[in-house]
Amino acid sequence: MLSLLLLLSLHAAPASADEAPLRREVARVAIAQVRQMDPAWHPAQRDCAGLVRFVFRSAYRRWRPERLATPLWRDARGAPGDFADAETLLAQSFTPLGRDEATRESLRTGDVVAFRLERDAGPVFHLMLVVRPEDKAHAPTRVVYHPGEPGAAVRTGVLQSLVTEAPLEWRPVSQNTAFLGFFRFKEWTR
């Protein structure tokens, strides 16, 4: 009887409880790409948005494979799709959380740090995945990202170091006009 009650309580848990294993898997897969990129991540898809897509799909494949019966992402028209570039991911599949320090302090694993830089060829969007340890007292919040160049390795850094040490255009601070803000996967905000 106790196991039945436990099972029922697990099914009645709020959506955020279902996110915990997904968020842990996002962290695991993202950090694994820093060590060695997974051969299942197609080389043509290796950029910042590709990292986000690959990591999320990998997490869902392990913990909620039934969710992958329909694509995780929305295309520019808002229809489900397997591919979305960084700009489309932000506009259709993620929701803005804010740009301030309080928001930065409340980030969770799987959230995204987003930038938009103006270049001669047009705007360039860049995404970084947040990996926040469950025990914040013993490890800093990190970002994991692909710099976008073909053949480049996935990199990681401490989020606070971006705030204080990165070139201004890459600082996630409200004074930086290239910093779009922090974003969360829409399905994780319900």
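The following exercises work through the strand pairing and helix packing of one predicted model.

Residues are numbered from 1 along each chain as its sequence is written. In this predicted model, local features need pLDDT of at least 70, side-chain atom pairs count only at pLDDT 80 or more, totals for chains, interfaces and linings use all residues, and side-chain values use heavy atoms, with hydrogens and water left out.

**Exercise 1.** Determine which strands β4 pairs with, and in which sense.

*Solution.* Begin with the terms: helices (H or I, at least four residues) and strands (E, at least two) are DSSP runs numbered from the N terminus, and two strands pair if DSSP finds at least two bridges between them. Strand β4 (residues 112–119) pairs with β5 (residues 122–131) in the antiparallel sense over 8 bridges, and a hairpin of 2 residues joins β4 to β5. Next, β4 also runs antiparallel to β8 (residues 179–185), to which 4 bridges join it. Ala114 illustrates both pairings, standing opposite Leu127 in β5 and opposite Gly181 in β8.

**Exercise 2.** Place these strands in their sheet and identify its edges.

*Solution.* The open sheet has 6 strands in the order β3-β8-β4-β5-β6-β7, with antiparallel pairing. Its edge strands, β3 (94–98) and β7 (155–158), each pair on one side only. At the β3 edge, 4 bridges join β3 to β8, and Gly98 has Phe182 as its bridge partner in β8.

**Exercise 3.** State which strands helix α3 lies across.

*Solution.* Contact means heavy atoms within 4.5 Å, while axes are lines fitted to C-alpha atoms, for helices over the stretch in contact, with angles from 0 to 180 degrees between N-to-C directions. Helix α3 (residues 48–63) lies across β3, β5, β6 (142–145) and β8, and runs at about 35 degrees to β5.
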